[in-house]
Amino acid sequence: FPLNFDERHNLSSTIDYRFDSGKSYTGPIVNGKKILENFGINLIVTAASGRPYTSKFKPTRFNSAGTVGSVNGSRLPWRFNVDFRIDKTFRLNPKAKSPLDVNVYFRVANLLNRQNIVGVYGATGSPTDDGFLAFADGIATIRQVAENGLDSQAYLDSYSWLVRDPNNFAQPRRLFVGAFLSF
């Protein structure tokens with residue numbers, strides 16, 4: 001049986017373009033200033049096949065029971081991600097014997113803001129629906145809510161909020177600004 005962290009395919013590509021400093025600089029010069037000296041841009045593209053999970057046949061509230069097929073016999077969908085970074089290094093003491101540099105960067109994780117699926121409900125294979133409300137036990141629960149004089153639509157709305165587990169998705173787009181000090 002495959003283990004739950006088994007990932008058959010994992011592809012990664014990095015594109016990094018940098019401008020050197022000094023005599024090696026080949027970038028634009030504006031008013032005698034090498035404006036892109038020690039500047040770089042970086043793009044990391046990754047794709048990975050889905051990890052295994054065990055399909056279930058009976059949806060329960062926020063979960064499922066009863067194995068369909070083999071343990072870890074089903075697969076999550078592929079994940080795709082693009083990360084982006086730009087940075088520039090500034091020399092703080094250009095005439096000193098021991099250099100002191102600061103590298104300022106801006107990084108975007110998950111540039112395309114993809115909703116990569118990292119977990120699903122076993123009975124449906126969906127990250128947002130556990131299938132309970134469409135199953136006999138769920139229908140009986142809705143009927144029981146209505147018979148007790150409660151608002152069944154409020155129950156359905158609340159249930160749909162709870163079943164949308166954000167942990168079933170990879171993190172959304174995130175922006176980072178920072179600096180490194182080198183000496």
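This tour proceeds through a sheet, two helices and three loop residues, with a selection to make at each stop.

**Before starting**

The model is predicted: local features require pLDDT of at least 70, side-chain atom pairs count only at pLDDT 80 or more, and totals for chains, interfaces and linings use all residues. Residues are numbered from 1 along each chain as its sequence is written, and side-chain values use heavy atoms, with hydrogens and water left out.

Helices (H or I, at least four residues) and strands (E, at least two) are DSSP runs numbered from the N terminus. Two strands pair if DSSP finds at least two bridges between them.

**Stop 1: the sheet**

Select the strands E1, E4, E9, E10 and E11. They form an open sheet of five strands in the order E1-E4-E9-E10-E11, and the pairing is antiparallel. Strands E1 (10-18) and E11 (174-182) stand at the edges; each has a single partner strand, so one side of each is left without a neighbour in the sheet. On average, neighbouring strands of this sheet are turned by 15° against each other, direction ignored. For such angles, axes are lines fitted to C-alpha atoms (for helices, over the stretch in contact), and angles run from 0 to 180 degrees between N-to-C directions.

Next, select E4 (residues 39-48) together with E9. These strands run antiparallel and are joined by ten bridges. One place to look is Gly40, whose bridge partner in E9 is Asp87.

Now keep E9 (residues 79-91) and add E10 (residues 101-109). Eight bridges join this antiparallel pair. Two residues of E9 may be followed across to E10: Lys88 has Val104 as its bridge partner, and Arg91 has Asp101.

**Stop 2: the loop between E9 and E10**

Select Leu100, which is found in the loop between E9 and E10. Its relative accessible area is 28%, so Leu100 is partly exposed. The classes are as follows: buried means under 20% relative accessible area, exposed means over 50%, and partly exposed lies in between (1.4 Å probe, protein chains only).

Apart from neighbours within four places in sequence, the contacts of Leu100 (heavy atoms within 4.5 Å) include Phe90, Arg91, Leu181 and Phe183. Then add Asn116: Leu100 and Asn116 are 16 residues apart in sequence, and their C-alpha atoms are 41 Å apart in space.

**Stop 3: the loop after E4**

Select Ser49, in the loop between E4 and strand E5 (52-53). Ser49 counts as buried because its relative accessibility is 6%. Leaving out residues up to four places away in sequence, Ser49 touches Glu7, Arg8, His9, Trp78 and Arg79. A polar atom of the Ser49 side chain lies 3.3 Å from the backbone nitrogen of Arg8.

**Stop 4: helix H1**

Select H1 (136-147). Its twelve residues should span 16 Å at 1.5 Å a residue, and its end C-alpha atoms are 16 Å apart, which agrees. The expected span is 1.5 Å times one less than the number of residues.

Which residues of H1 are buried? They are Gly138, Thr141 and Val145. They cover an arc of only 55° around the axis, which puts them on the same side of H1. The arc is that of the directions from the helix axis to the C-beta atoms. An α-helix has 3.6 residues a turn, so residues three or four places apart point the same way.

The face of H1 turned away from its buried side carries the exposed residues Ala136 and Glu147. After H1 comes Gly149, with a positive phi near 80°.

**Stop 5: helix H2**

H2 is part of what covers the buried residues of H1. Select H2 (residues 152-163). At its start, a side-chain oxygen of Asp151 reaches to within 3.1 Å of the backbone nitrogen of Gln153.

The buried residues of H2 are Tyr155, Tyr159 and Val163. Their arc around the axis is only 60°, which puts them on the same side of H2. They pack against strand E6 (56-60) and H1.

**Stop 6: the loop between E10 and H1**

Finally, select Gly119, in the loop between E10 and H1. Is Gly119 buried or exposed? At 13% relative accessibility, Gly119 counts as buried. Beyond its neighbours within four places in sequence, Gly119 is in contact with Leu76, Pro127 and Asn168. To close, add Thr26: this residue and Gly119 are 93 residues apart along the chain, and their C-alpha atoms are separated by 47 Å.

Methods:
A polar contact is a pair of N or O atoms within 3.5 Å; within protein, one must be able to donate a hydrogen and the other to accept it, and residues adjacent in sequence count only if both atoms are side-chain atoms.
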